[in-house]
Amino acid sequence: MAGAFWCVVEDDRKGMPKKVMAEVIGEAARLGGPVEAVWLTDKATDEGLAQLAAWGAGKVWLLENAALAPYRGETWVPPVAELAAREAPKAILAAVTSRQREFMARLAARLGVGLAADSVGLAMDGDRLVATRPVYAGKLLSKVTWARQPWLATLRPNVFKPADAQPGRTAAVERVAATIPAARMQLVERREEASTGLPELTEAELVISGGRGMKGPENYVILEELGGVIGAAVGASRAAVDAGWRPHRFQIGQTGRTISPKLYLGFGVSGAIQHLAGMRTSKVIVAINKDPEAPIFKIADYGIVADLFEVVPELTKEFKRLLEK
Ligand SMILES: Cc1cc2nc3c(=O)[nH]c(=O)nc-3n(C[C@H](O)[C@H](O)[C@H](O)COP(=O)(O)OP(=O)(O)OC[C@H]3O[C@@H](n4cnc5c(N)ncnc54)[C@H](O)[C@@H]3O)c2cc1C
């Protein structure tokens, strides 16, 4: 529908939209809708379509084609650009994820419109949309608007209020017969990392971060144990990643992941500006550091000046007791 708010679906590559889509769809509805999902996938499922409807998508534009997996910008952008030119949505929103980040930048270039990347706020001001986004590694917030439609924005996970799922709501599904361009890049090999059993870093509501103070890779097991008890993801600072203690996908910060959990617990992290850039929008920040002068205490809501190797087992024990695990 012309004038709709499109939400580009981020899925788990197995046919289900990720829960961050509840936030994107919820925000599109709050801005006035109408809300439509655009789903590019090699395998949609009825369950996935029902989930999008339950969150509030009134329509799903379904581009289902084997050539769309794995994600490549060169295969995803042309069919969506074509569809947008035909259907004239007012806005195109997506979550900040590795592939949506790239996809939305390419789409903005293709459509010749602006992109408010990494938005932490969206609001209608009369008949224009205004996005709030962090700049200078999160030290300032800037407000931006668009010279013309469609308004493209990526939304930082865990910032926007998720839509309540209402099972039973239905969405019209329109299959788009798009021509997918031949990809110049071929996938040679795909390796799935073994799951830690903990939530994914960018989607987690609780995040534990371990820095150089962890002293070595073998010690992350204590953070994982705590994570297992409270249901938190475990991330790391760049110092820990550069030392080879954790893979890069766990790095939080300017050159890693941006997170915005309800609770961030930093153990042995000093709080360098580049680390803060990736986590300063967390709702509650708790820092555990043996140096009372560590810069992280300046932005922490709660601080414990102590040796983390004493604090972590105590916290794990206490949470276990409280949660009766
Ligand atoms: C261009 C650029 C991009 C960057 N991008 C990122 C990024 O994305 N993410 C990122 O994190 N960094 C990034 N950095 C690096 C950043 O500047 C810092 O070097 C890094 O964040 C430091 O990591 P850290 O806090 O773990 O280590 P440190 O700064 O060494 O701090 C370790 C802390 O652990 C404490 N500690 C030690 N032992 C204990 C203990 N037993 N108990 C309690 N506390 C203890 C110490 O008091 C200290 O405060 C970037 C730098 C540059 C130049």
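User: Which residue in β9 does Ala116 stand opposite?
Analyst: This is a predicted model, in which local features need pLDDT of at least 70, side-chain atom pairs count only at pLDDT 80 or more, and totals for chains, interfaces and linings use all residues. Residues are numbered from 1 along each chain as its sequence is written, and side-chain values use heavy atoms, with hydrogens and water left out. Strand β5 (residues 115-119) pairs with β9 in the parallel sense over 3 bridges; strands (E, at least two residues) and helices (H or I, at least four) are DSSP runs numbered from the N terminus, and two strands pair if DSSP finds at least two bridges between them. In β9, the residue opposite Ala116 is Ala153.

User: What is the bridge partner of Leu93 in β9?
Analyst: β4 and β9 run parallel and are joined by 5 bridges. The partner of Leu93 in β9 is Ala153.

User: Why is β9 largely enclosed by the rest of the structure?
Analyst: Buried means under 20% relative accessible area, exposed over 50%, and partly exposed in between (1.4 Å probe, protein chains only). Trp151, Ala153 and Leu155 cover one side of β9, and Leu152 and Thr154 the other. The strand is largely enclosed because its buried residues number 5 of 5.

User: Which element gives the most to the largest nonpolar core?
Analyst: Such a core is a set of buried Ala, Val, Leu, Ile, Met, Phe, Trp, Tyr and Cys residues joined through side-chain atoms within 4.5 Å. The largest has 33 residues, of which Trp39, Leu52, Leu93, Leu122 and Trp146 touch the most other members. Elements supplying at least two residues each include α1 (20-30) and β9 (151-155). With 6 residues, the element giving the most is α1.
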